[in-house]
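User: Please take a close look at one part of this structure, the contacts made by aromatic rings, and describe what the model shows there.

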Amino acid sequence: MSTEEVTMPETADGGEQRILAGRYAIGEFVGQGGMATVYRGTDTKLGRQVAIKVMKADLAGDEQFRSRFRQEAQSASRMAHPTVVRVFDAGDDLIQTADGPKRLPFIVMEYVEGTNLRQLSAEGRLSITEACRVVDSVLTALEYSHRAGIVHRDIKPANIMITKTGQVKVMDFGIARAVSDTSSTLQQTTAILGTAAYFSPEQAKGESIDARTDLYSTAVLLFELLTGEVPFRGDTAVAVAYQHVSERPKPPSERNPEVTPELDRVVLYGLAKDRARRFQSASEFREALRLAASGKMPKLALAQTDTVLFTSGDEVSESDLALRQLAEGGGGTRTQSRPPVMWTWAAILTIGAVIVAVVFWLVTLAPQQFLPDSSRALPDLVDVQRADAMEDLQKLDLIPIPVEETSDEVAADHVIRTDPEVGAVLTAGESVTIYISTGPESAKVPDFTGKALDDYKQALADLGLTVGIVNTRDDAAAPENRVLDVSPAPGKELESGSSVEITVSSGKVEIPNLVGQPQEVARSMIDKLSLDVSVEPKSDCKAENGYPIIEQSIVGKQAQHAALQLKYCAG
């Protein structure tokens, strides 16, 4: 998208600055990606610097996209972590294009002073230590987002920021999902959301997505940072996607001899085609990476990408090995004669006795519930909070897949139902869909009278409403963080997911300069400021105009109940 498409002004030459949604002033152009153009901007209400990502004009006409975009941005805005670029706001604004006026979606994010990983790696390959540090931070961000039920879907260097102090921050959570879940016409124009080089096999095949999809893309990222190249390359995106599905990656050490066998092991395990045979969580991946970076071989199960060596030195996969052994078994000459008939019958009778004993043992166990170690019964998660439900499933080695929907009966951010249902017997690594309430389709803004900020936030969350901007205001009568006002006003009916702006007490008061004022006037000026005031006379001065105040201990903005000491001239 070019800046001309949306008639954004060139503010550098003094032209009139465009204001999005009546609040965000567009500044200098920062960069452009596949789906959006990024500007530096200013939140005119709070006076802070922000990054404004304006989506492509061809996405603007799709109402389904705009709705999904706002929903995903609201979910992302709940995340607050040092490794995640904060999302402050999202919406759309009426702009003029060559085809007439359109509503253009935009997202307002934390402005990060630094550069993205794509630009940084273009300047040269990172050291192995630095590559491991960056990926370690990315995995920390993913662990946080996955616990919050958010899958990124588009992990790649362009979505990872490195600040000037070296801090790693991941951005654009949920944007890929917003695009992928829109209408089929739109999907045809944006068939490849990110760079195909980072696609997981399940993405390439159009299958369902879960947290392990992000971990595959992170393994691709680690491969690239260690070698300077992605594991699969091709002339077209389709060719690359095919390789992700069908071809085995080479160990990174073949492209960079400095890569250790321990890191080879971690990367190849992370690139397993079958998601059940790669890392199952970001924390598992991170711990293995830390061990490998320190020179220790992590204990990982045999993955599809592993190789087995014949004594001849030939390198083959597990499947090739099995085929070769089968062929050799069928065509070779037996070196052992047939066992005697007596031993054959003895073996048959022994096996039969064992079967009878096992059946009898199982029958006598009834009505006890017996499950093998690899199985577990799905617990009842209805009305459990999202984070707790996901943690419970992860403790059972099950993969939670959250799906949001409105509900009039279940409070927002709590589980409505699961698929499969409670009591279902599952094995480790299986997925469980948990349907999360976003509250009713519409709700009235609740009353704030006498409520503290945290209590009011919870009241909004239970109704499926979100917290917008939180402002502060001095109020001598209200304690710190007491809600003073909300917008829209209480009783206003809003759609599920809408935000409410809140104003709370700062817990501070403004103390005026009282020096020179008569005592009576001074006391009237501070009478309602909730201060602990002490007044003392001073005799070595000339009393004039009603014993004026000649000294005061503090002035300006101070905490409520601050100790204010005044001295007046007693003559």
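Analyst: Arg417 lies over the face of Tyr435, 3.9 Å from the ring centre. This is a predicted model. A second arginine is placed in a similar setting: the charged end of Arg48 sits over the ring of Phe88, at 3.8 Å from its centre.

Rings also pair with one another, and the structure holds four aromatic pairs. One of them joins Tyr24 and Phe106 edge-to-face, with 6.1 Å from centre to centre and 65 degrees between the planes. Tyr24 belongs to strand E2 (residues 24-32) and Phe106 to strand E6 (residues 100-110), so this pair ties together parts that are 82 residues apart in sequence. Tyr24 has a relative accessibility of 2% and therefore counts as buried; Phe106, at 2%, counts as buried as well.

Tyr269 and Phe279 form another edge-to-face pair, 4.8 Å centre to centre, with 70 degrees between the planes. Here Tyr269 lies in helix H10 (residues 261-270) and Phe279 in the loop between H10 and helix H11 (282-293), so the parts tied together are 10 residues apart in sequence. Tyr269 counts as buried because its relative accessibility is 7%, and Phe279 counts as buried at 0%. Ring pairs link Tyr269, Phe279 and Phe285 into a cluster.

On confidence, the mean pLDDT of the chain is 78, and 77% of its residues reach 70 or more. pLDDT stays under 50 over residues 182-194 and over residues 303-339. Where pLDDT is low, the predicted coordinates should not be read in detail.

Methods. Residues numbered from 1 in each chain as written. Predicted model: local features only at pLDDT ≥ 70, side-chain atom pairs only at ≥ 80, totals over all residues. Heavy atoms only, no water. pLDDT = per-residue confidence, 0-100. Contact = heavy atoms within 4.5 Å. Phe/Tyr/Trp six-rings, centres within 6.5 Å; stacked < 30°, edge-to-face > 60°. Helix = DSSP H or I, 4+ residues; strand = E, 2+ residues; numbered from the N terminus. Buried < 20%, exposed > 50% of the residue type's maximum accessible area, 1.4 Å probe, protein only. Lys NZ or Arg CZ within 6 Å of the ring centre and 35° of its normal.
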